[in-house]
Amino acid sequence: MRIILLGPPGCGKGTQGDLIEKKYGFPKISSGDLLRAAVQKGTPLGKKAEAMMNRGELVSDDIVIEMIKERISKADCQSGYVLDGFPRNITQAQKLEDIEGKCQEMVFDIQLKTQSLIERLSARRICPRCEAIYNLAIHSPKKEGICDVCGGELIRRKDDTLEVIRERLRVYNEQTEPLVDYYQKKEVFHEIDGAREIEAVFRGIQSILDKEIGKFRETEVRR
Ligand SMILES: [Zn+2]
């Protein structure tokens, strides 16, 4: 079972990925986290990626795909996994299918209006010490400006300014619209209204997942 989470930055897909992992035991794989970890550890792929970033280039599809391939070949991914931030374009989606061949797939597109995304992203604060993420609109720290986890002082990320946010959303839409068409044609695509409370969004995902997992098990038994 391959679960793909689509949705613009700020839609809450990372949080939903965590909830799916907790409830179903499918590990959440974030391409951003993989990339950061590889760079930090200085793995061969990490070094290649770092060199590209230092030249101001986007990390190539090939490198991202290699990292994902390595990760999903691990034992904990054998019954399923959740992808967050990948694939970003049709090339990546097709390569993913090449790696895995036939695999039951579900795509959730978490949708939210641009104005709400801007509000959410502008309300985001991070802890530079332990990397905890807060949102003053939906998940604020107990004490204003202070991290609940480590007591560090919260800051606003440099790329959470209005201009940068608008640009990120524009790039996302440009890249992802063809991907949405692609998955819609495969009939594995589910639109999820992301403008609700975290729990309500998750209940929506859960009801679809339970149904699909049930169907999948039935065909397995019949075989
Ligand atoms: Zn902290």
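Two residues are in contact if their C-beta atoms, placed from the backbone, lie within 7 Å. Keep that rule at hand for the exercises below.

This is a predicted model, in which local features need pLDDT of at least 70 and side-chain atom pairs count only at pLDDT 80 or more, while totals for chains, interfaces and linings use all residues. Residues are numbered from 1 along each chain as its sequence is written.

**Exercise 1. Find the surroundings of Cys147: where does it lie, and is it buried or exposed?**

Step 1. Place the residue. Cys147 sits in the loop between β6 (133-135) and α7 (162-185). Helices (H or I, at least four residues) and strands (E, at least two) are DSSP runs, numbered from the N terminus.

Step 2. List its contacts. Without its neighbours within four places in sequence, Cys147 touches Cys127, Arg129, Cys130, Ala132, Pro141, Gly152 and Leu154.

Step 3. Apply the burial rule. A residue is buried if 20 or more other C-beta atoms lie within 10 Å of its own, exposed if 12 or fewer, and partly exposed in between, with C-beta atoms placed from the backbone. Cys147 has 21 other C-beta atoms within 10 Å, so it is buried.

Step 4. Look further away. Gly10 is 137 residues from Cys147 along the chain, and their C-alpha atoms are separated by 20 Å.

**Exercise 2. Work out the sheet: what is the order of its five strands?**

Step 1. Recall the background. Strands of a sheet pair through backbone hydrogen bonds, either parallel or antiparallel. Here, two strands pair if DSSP finds at least two bridges between them.

Step 2. Read off the order. The open sheet runs β2-β3-β1-β4-β7, with parallel pairing. Its edge strands, β2 (28-30) and β7 (189-193), each pair on one side only. From one strand to the next, the twist averages 25°. Such angles run from 0 to 180 degrees between N-to-C directions, and axes are lines fitted to C-alpha atoms, for helices over the stretch in contact.

Step 3. Zoom in on β3. Strand β3 (residues 81-84) pairs with β1 (residues 2-6) in the parallel sense over four bridges, and with β2, again parallel, over three bridges. Leu83 in β3 is the bridge partner of Ile4, and Ile29 also stands opposite Leu83. Asp84 in β3 has Leu5 opposite it.

Step 4. Check both faces of β3. Tyr81 and Leu83 on one side are buried, and so are Val82 and Asp84 on the other, which leaves both faces covered.

**Exercise 3. Describe how α4 and α5 pack: what is the angle, and how far apart are the axes?**

Step 1. Know what to report. Two packed helices are described by the angle between their axes and the distance between the axes.

Step 2. Give the values. Helix α4 (residues 61-72) packs against helix α5 (residues 90-100) at about 35°, and their axes are 10 Å apart.

Step 3. State the handedness. A crossing is left-handed if the near helix is turned anticlockwise from the far one by less than a right angle, and right-handed if clockwise. The crossing of α4 and α5 is right-handed.

Step 4. Name the residues that meet. Asp61, Val64, Ile65 and Lys69 come from α4, while Thr91, Gln92, Lys95 and Ile99 come from α5. Of the residues in this contact, three are nonpolar, two polar and three charged. In this sorting, Ala, Val, Leu, Ile, Met, Phe, Trp, Tyr, Cys and Pro count as nonpolar, Asp, Glu, Lys and Arg as charged, and the others, Gly among them, as polar.

**Exercise 4. Spot the backbone features: which residues does the cis peptide bond join, and what is phi of Glu131?**

Step 1. Start with the cis bond. Phe86 and Pro87 are joined by a cis peptide bond, with omega about -10°. Pro87 belongs to the loop between β3 and α5.

Step 2. Turn to Glu131. Although Glu131 is not a glycine, its phi is positive, about 70°. Glu131 lies in the loop between β5 (124-126) and β6. Because Glu131 has 12 C-beta neighbours inside 10 Å, it counts as exposed.

Step 3. Add Glu187. Phi of Glu187 is also a positive value, near 60°. Glu187 is in the loop between α7 and β7, and with 7 C-beta neighbours inside 10 Å it counts as exposed.
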